[in-house]
Amino acid sequence: MRQTRQDIAIAPSLLAADFARLGEETAAVCAAGADLLHFDVMDNHYVPNLTVGPDVCAAVKPHCPVPIDVHLMTRPVEGLVAAFAKAGAEWISFHPEAVDHVHRVIGLIHEHGCKAGLALNPATPLAVLDHVLDDLDMVLVMSVNPGFGGQSFIPASLPKIAAIRDRIDTLGKPIRLQVDGGVKPGNVAAVAAAGADTFVAGSAIFGQPDYAAVIADMRARAVQAAAAPADAA
Ligand SMILES: O=C(CO)[C@H](O)[C@H](O)COP(=O)(O)O
Ligand SMILES: [Fe+2]
């Protein structure tokens, strides 16, 4: 088995930022050590909430020195890919339930020069990765049901993360394994020990006054757990 875990990356979710000051919040969280900026797009159709679109992504882009990681919680997906690529997204993830042709949408994201992620809801079986894992740049494990920030981490996500880690290692490709929903300093070690390398955190970071302290704390805990998973499990 090959170990393909990537460098630990902390991805603050702008969903929990002050929406009246998105440019400032983006700059602040990047200066505080963010590796990616997670940008949640909800359409009040695939999920029961409504957030932001490509124009807001383009507006925060000049304030964002790190890659923008767009998480599409929309149905349909296809028409938004070009718009987010133009708006400056480097990563685009989508949910398999929201499209008819998963493989085609991965190709569409790549055609637009972005990296592609597939987002698995808590009840989505791993079989959706069959035949497409090799084409992906990232698997996104939702550890809450999508649609809202500030929810509690679902513990059944941990064995799911471990199973996906095994599949990625068996394939032997450097595919990122991102976990999104309820991730915070108190559980990031367990999530890292299970095999994740990319940690989305909204309320855990933006809910504290010192973004740099939270990001550094989460990174240190994740790095330590990745190096010695048995100690953190
Ligand atoms: O995709 C999401 C919700 O659907 C968000 O990225 C996620 O919930 C982050 O927020 P928090 O860390 O507060 O759970
Ligand atoms: Fe998200």
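**View 1. A small set of residues around the largest cavity in this predicted model.** The largest cavity has a volume of about 40 Å³. By the rule used here, the count comes to 1 cavity of 30 Å³ or more. Look for Leu14, Leu15, Phe19 and Leu22 in its lining, along with Phe39, Asp40, Thr51 and Val52. Sorted by class, that lining has 6 nonpolar, 1 polar and 1 charged residues. Leu22 turns up again in the helix α1 view, where it is one of the buried residues.

**View 2. The largest pocket and what lines it.** Its volume is about 310 Å³. Of the 26 residues in the lining, those closest to the pocket centre are Gly149, Gly150, Gly181, Gly182 and Ser203. Several elements pitch in: β2 (37–42), β3 (68–73), β8 and α7 each supply at least two lining residues. As for chemistry, the lining has 12 nonpolar, 11 polar and 3 charged residues.

**View 3. UniProt's "binding site" residues, shown against the largest pocket.** An unreviewed UniProt entry lists Ser13, His71, Gly147, Phe148, Gly149, Gly150, Asp180, Gly181, Gly182, Gly202 and Ser203 under "binding site". The lining of the largest pocket includes Ser13, His71, Gly147, Phe148, Gly149 and Gly150 from that list, and also Asp180, Gly181, Gly182, Gly202 and Ser203. So where do Gly149 and Gly202 sit, and is each buried or exposed? Gly149 is in the loop between β6 (138–142) and α5 (157–171), and with a relative accessible area of 52% it is exposed. Gly202 is in the loop between β8 (198–201) and α7 (203–206), and at 16% relative accessible area it is buried. Leaving out residues up to four places away in sequence, Gly202 touches Ser13, Ala16 and Gly207. Ser13 is thus both a contact of Gly202 and one of the residues on the UniProt list.

**View 4. Helix α1 and its buried face.** The helix covers residues 22–31. Its buried residues are Leu22, Gly23, Glu25, Thr26, Val29 and Cys30. Looking down the axis of α1, these fall within an arc of 165°, so they line one face of the helix. What covers them includes β1 (9–12), β2, α2, α7 and α8 (211–227). Over on the other side of α1, Glu24 and Ala31 are exposed. Ala31 has a relative accessible area of 70%, and its C-alpha is 26 Å from that of Ala116, with the two positions 85 residues apart in sequence numbering. Just after the helix, Gly33 takes a positive phi of about 115°.

**View 5. Helix α4, with a buried side and an exposed one.** Which residues of α4 (residues 102–111) are buried? They are Val102, Val105, Ile106 and Ile109. These cover an arc of only 105° around the axis, which puts them on the same side of α4. Their cover includes α3, β4 (89–94) and β5. The face turned away from that buried side carries the exposed residues His103, Arg104 and Glu111. Just after α4 comes Gly113, with a positive phi of about 80°.

**View 6. Backbone oddities in three loops.** Most residues other than glycine have a negative phi, and most peptide bonds are trans. Three spots are worth zooming in on with that in mind. First up, a cis peptide bond joins Arg75 and Pro76, with omega of about 0°. Pro76 is found in the loop between β3 and α3 (78–86). Next, Asn44 has a positive phi of about 55° although it is not a glycine. You'll find Asn44 in the loop between β2 and α2 (54–60). Last, His131, also not a glycine, has a positive phi of about 75°. The loop that holds His131 runs between β5 (115–120) and β6. Is His131 buried or exposed? With 77% relative accessibility, His131 counts as exposed.

Key: Residues numbered from 1 in each chain as written. Chains lettered and ligands numbered in written order. Predicted model: local features only at pLDDT ≥ 70, side-chain atom pairs only at ≥ 80, totals over all residues. Heavy atoms only, no water. UniProt positions renumbered as here; feature names shortened; annotations may be inferred. 1 Å grid on protein atoms, 1.4 Å probe; cavity = no way out; pocket = protein on both sides within 12 Å on 5 of 7 lines; lining within 4 Å. Helix = DSSP H or I, 4+ residues; strand = E, 2+ residues; numbered from the N terminus. Buried < 20%, exposed > 50% of the residue type's maximum accessible area, 1.4 Å probe, protein only. Contact = heavy atoms within 4.5 Å. Points joined across faces, edges and corners; volume = space filled by probe spheres on them. Nonpolar A, V, L, I, M, F, W, Y, C, P; charged D, E, K, R; others polar. Arc of directions from axis to C-beta.
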